[in-house]
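The following exercises concern one protein model. Please study the sequence and the structure before turning to the solutions.

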Amino acid sequence: MKKLAILAVLGGLCLALFSGCGTEDLSASVSDEQLEIGIVAVEDLAAEEEAETETDTSHEGEARSDLTGEWIDADLAAQRPFAVMIGNTKVATPQYGIGSADIIYEAPVEGPETRLMAIFQDYQNVEKIMSIRSCRLYYIDWALEFDAIYGHYGQAYLAVDMLSQSYVNNLSGLEGQLENTMYFRDSSKNAPHNAYTTGEGILEGISIKGYETQHDEDYESHYQFNEDDENEITLTDGEAAAVVQPGYLANKPWFVYNAETGLYERYQNSAEQIDALTDEQLTVKNILIQVCDWYTANTDTGYLDVETIGSGTGWYVTNGQAIPVTWSKESQTAATRYYDSDGVEIILNQGKTWVCIVQDTYEDNITFYAGEEEFSAQ
């Protein structure tokens, strides 16, 4: 519209100039003011066209990551992610490669222990992921939400039938053809906490199984993220959340908001949770707390089952604030959607996300603190 307005002004100016005088003394009939208007308009038009050209090419060859909302290589963005089970008991830490994950799910398993599922977009460049543990039934549903290829070293018997279905593209360390090609053992640690894989190994496993590595054309992105030209999401009408405790009983984790970086720093077992590859503390931009129904599927083994399909309550935490949300998942492969108090789907800030699955029995253990001093006093 601005271009059309400028061209209209210039056209009108030129028409007036040519209709009001002959060609003999054209310069004499043009005032300094008219010349200035024409020159400025042309300069403005050129500057705008140059700016638009820069904007159009700023993300050439890139696309939005479905996992973080950030601009990444377009081919990488079209690639199905890799989701893998990672042990989180004290003896299994520090984990390797976990800092490269874009999304981490944490959920209870037997007793008070939790297990992680890390989701990687750029898995082929990860040097080492350890320790890889066995599958639990409900993690499959979360992996399917992202159309992920699912890695695990064995499984609880409850998951056997599910893993045999053709639509679950899984890579199990118990398959003979994947041992020593995708999965390996680190002799410096004791089994079962020493199983690991590499980016090269993951590619080999996918090749052996013949899985498709690209999303289907009709694949829909999971989360909604803020745009680059928008300010970061600042939650209002919520609770101060400088420190977040999801309330797990064994590892007793907590997150601390760093106002300088805008990220939450992860702690558990009374210390920083780090990636052994980099020796750096795990950090995330977003925390989603999802409260779920559950039951003990087998009292002898202590295996749990968590209700992933249906609806429930929870929290969205970012930039030092937390708001209550509701969640809904319509089917096994459907994405879990999160909504604010007005029923509007929430928008996440760009960056990594940690999803804490909390049993409804322990919902009261979820705690937010306005500051670290308040947290320490508890």
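**Exercise 1.** How many helices and strands does the secondary structure of the protein come to?

*Solution.* The model is predicted: local features need pLDDT of at least 70, side-chain atom pairs count only at pLDDT 80 or more, and totals for chains, interfaces and linings use all residues. Residues are numbered from 1 along each chain as its sequence is written, and side-chain values use heavy atoms, with hydrogens and water left out. Helices (H or I, at least four residues) and strands (E, at least two) are DSSP runs, numbered from the N terminus. The protein comes to eight helices and 26 strands.

**Exercise 2.** Determine whether Asn-319 is buried or exposed, and describe its surroundings.

*Solution.* Begin with the position: Asn-319 is found in the loop between strand S22 (310-318) and strand S23 (321-329). Next, buried means under 20% relative accessible area, exposed over 50%, and partly exposed in between (1.4 Å probe, protein chains only). Asn-319 counts as buried because its relative accessibility is 18%. Then consider contacts, meaning heavy atoms within 4.5 Å. Not counting residues up to four places away in sequence, Asn-319 touches several residues, among them Glu-232, Tyr-257 and Lys-285. Ile-233 is also touched, and its backbone oxygen lies 3.1 Å from a polar atom of the Asn-319 side chain.

**Exercise 3.** Is Glu-373 buried or exposed?

*Solution.* Glu-373 has its place in helix H8 (residues 372-377). Its relative accessibility is 72%, so Glu-373 counts as exposed. Finally, the C-alpha atoms of Glu-373 and Val-243 are separated by 9.8 Å, although these residues are 130 residues apart along the chain.

Notes: Polar contact = N/O pair within 3.5 Å; in protein donor to acceptor, adjacent residues only side chain to side chain.
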